[in-house]
Every structure is written in structure tokens, then in C-alpha cells.
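Colleague: Got a minute to go through this model with me?
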Amino acid sequence: MEQNHWKLETIAVQSGYTPENGGPRVQPLVQSTTYKYNDAQSVADLFDLKREGFFYTRLANPTVDCFEKKVAALEGGVAAVGTSSGQNANALALLNIARCGDHVVAVSSLYGGTVSLFTNTLKKTGLSFTFVSPDASEEELEAAIRPETKAVFAEMLANPALVVLDVEKFARVAHRHGLPLVVDNTFPTPFLCRPFEFGADIITHSTTKYLDGHATSVGGMIVEKGGFDWNNGKFPELVEPDQSYHGLIYVRDFPAAPYSVKLRAQWIRDLGSGMAPFNAFLSMMGAETLHLRMERHSSNALALAEFLEKHPKVGWVNYPGLKNSPQQPLVRKYLKRGCSGVLSFGVKGGVKAGERVMDSLKLAAIAVHVADIRTCVLHPASMTHRQLSEAELIAAGVSPDLIRVSVGIEHIEDLIADFDQALAKA
Ligand code: PLP
């Protein structure tokens, strides 16, 4: 099939699984830890990565493989590796190329869980981080890079600050220093933005969010664009023999996708944090309607943002798609098809008034989630971003009164009516 020429909608529906003659129409759920072989040599070859196949689900599984191929195709990458969660994806995306003593430049407006992962947990592995503003100039970005820096990390559309990344600028600076740009593309999804087209080298996802889209499965994905020059003196583990694989050299033996093969052969194999087959099965089904859902999420969010903007009890609204948003120039460049389904707002009267509104919503639920088909709200300062200090909250763009709305795909009139009646109680 001519997958290279398919539009995103077709990729979403068709890619990842092609049934053989008489085979099941839908990719089967292979709920099996292991695989049977008739001869010992076949298994030995699989262990040595001399041929492709499956021998133990901790490393790879046919259902997960289908979902990996679908997401790789959606992003336009050469390979993808499924992980147990988005957190795991972001951790492994960096651990695969940075080790004790190394350094990463990251934007400050990241999801709170990622900030916590970097500043607490990954710090214990010996990595250090410098956080820069998403608005940083090229000079400021340059100044943050050190000789031991191994990657630049950013979110394409920050959760919950909703800052749109100037991905071309970040890629330019990263590449000038021989560094890969790692972009968490969870909020836009490849339907709204494909960061590889603007210079990103590695893309991560919490597939828990829009890719699954139905709030059924926690999962993550790391996608490799291909073509990055790992042989520039900064990444010895990709160019020197891997003794745990009989001297395999990733860039030489797997030139198309060295980063992904190393990731699976070392990190997924040793930590056992790959995606669960059932989660891949459900997420794959979700991803098949990604294009339809993202259009509706985006149009509903814009309409709700416009309603809130005019409401007398609302102090402020943040949605990059609003006409007067200062982010419009970046939106026109990177988010032409829509700005996704998340918006934030503050109620006049502050945190207490906001709490009353949240408690009064009938259709929109209070839920620690974002990016599924049902509308929900959350108060980041007391929930998802609770572990952050006051300074980190400000850097992440989280004011105390911020209410985050994940706008679902219900009818917009029902959503507006719900927020209207709740605001009346503020
Ligand atoms: N990245 C972003 C942008 C997120 O919003 C989240 C979770 O909300 C994560 C990563 C972490 O993903 P998960 O909850 O699947 O571990």
C-alpha cells in the first residue's frame, strides 16, 4: 500500500495493521507473554536482533507493534516504541541518550508531572536540567547549553499553560549544537501538528490522552524521526559496541532507526516498561478516529472559550485559538487545523468562586484527566501540579485561580448551558 501518499485521516484509519488474505479485519489482541518456535536457532537469532519477530512480550508484542507503527506513520517517523505511560516515555526518551553527569535544557512550562520527573527522579540518576522560558530568545537558549548537554526538551502545546512552542527556533538552536530536540506532542497530536516537519528529532506522547481518546488506557510512545547524526561525538552509546548485545553498534547495524532499536534493546528490555497489549489494542482503536475527534475537540473548545470570554463573571480565558490571543502568530504557523481541546480560565472572585463553579457543573465532571471525549475540569494548583513550588507554578503558567477545562465532543450548546448555570452560582 502507498502509505507515503496517504493523508493523515487515512493513516489514522488504515496504518499499523494490514490483514493477510483471510486474516482478521481488526488487528488481533495478542494477549500472550511468549511465542512458539520450531527450532532453537530461530530464537537465538531473535535474541541477537539478527531477525525481526517476537519472543517475549516484555520486549515486543504484535498488538503493541501495530499501534507503534500507526503512531510512527501518523507522526511521519521511522519507528516508535510503546511505553507503559507518558511519564515513562519522557523519562526513557532522555535516558536513552543522556547518562549520569549529562545535562538537558527543558522549557519551564511543562506538565507538572514532567517537571517533577526531571527535577526529582531523574536528578537522582545524575542528570541535571536547566529550565528556560518557552519565549526564550535564541541567545538565551544558547546560554543554557553546556558541553555536557545531550538534548533540548519541550512540549508542543504546554499543559496547562497552553503555550505554543516555536519549534523551529528550538530546533535551530539544538541542531547548532549537535543536539536532538525532543518534543512532547501529547496535546496537539499529529493531526493538529507534526513537529518533525518543523525540526523536532524525537516525539513523545502520553497516549493516555487524545491518541486513545476514551480514557481507557494509560500508555506512552516515543517516536524517532530518523536521520539525526548521532555520530557527532556526543552520543557514544549509539556509536560504540554494546557489550550487552555482543558488540552491536546501533548506528552501523540499524542505520534507519538506531535510537529506537537501542531504546527497546536496552531500556524496554531491562526495565520492562513497555506498553501492555490490551492498552495498545484499545488505544489503536481510539487512534482510528483521531482526526474526527480532534476537529470536534478544537471547534468545541474555541466556541466555549468565546462564550467564557464574554461572560461577566469570568476574569480571564486562555485558549490559543482565540482571535486576540497573543499566540496567534504561532498558531497560524504550527496549529493550522485547530488548537486542541484544552482551555483554562479564572473566575472573578478567585479560588473560592472557582471552586463553586467547578462544584456546580453537572455535565462537565471534576476528573484528574484531560483529552478524552467527555468534558472535564480540574484545578491544577491543588491537583496535578500540587508537588510544584510557588515559583515552579508561576514558571509553569499555573495561577492559583486557573481552572483547566478539557473540552469533550458533546454538543456545544449543552456544554455552554452547563458552564452558564455553574457560573451563575459563582
Ligand atoms: N505529557 C503531557 C503533556 C501530559 O499532559 C501528561 C499527563 O497528563 C504526561 C506527559 C504524562 O502522561 P501519563 O499520565 O500517561 O504518564
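Modeller: We can take the domains, then the core, then the ligand. This is a predicted model: local features need pLDDT of at least 70, side-chain atom pairs count only at pLDDT 80 or more, and totals for chains, interfaces and linings use all residues. Residues are numbered from 1 along each chain as its sequence is written, and side-chain values use heavy atoms, with hydrogens and water left out.

Colleague: How is the protein divided?
Modeller: Into domain 1 (3-287) and domain 2 (290-423), with bounds from an automatic or database domain assignment. Their C-alpha centres are 28 Å apart. Domain 1 puts 43 residues into the contact and domain 2 puts in 41, contact meaning heavy atoms within 4.5 Å.

Colleague: Which residues touch the most other members of the largest nonpolar core?
Modeller: Leu 308, Phe 345 and Phe 419, out of 122 residues. Such a core is a set of buried (under 20% relative accessible area, 1.4 Å probe, protein chains only) Ala, Val, Leu, Ile, Met, Phe, Trp, Tyr and Cys residues joined through side-chain atoms within 4.5 Å.

Colleague: Where does this core lie relative to the domains, and why?
Modeller: Between them, because domain 1 and domain 2 both give residues to this core.

Colleague: Switching to the ligand, which residues come nearest?
Modeller: Asn 159, Asp 184, Ser 206, Thr 208 and Lys 209, of 14 around the ligand, counted by a heavy atom within 4 Å.

Colleague: How far is the Thr 208 side chain from a ligand oxygen?
Modeller: An N or O atom there is 2.6 Å from the oxygen. For Lys 209, a polar side-chain atom lies 2.8 Å from a ligand oxygen.

Notes. Buried < 20%, exposed > 50% of the residue type's maximum accessible area, 1.4 Å probe, protein only. Polar contact = N/O pair within 3.5 Å; in protein donor to acceptor, adjacent residues only side chain to side chain.
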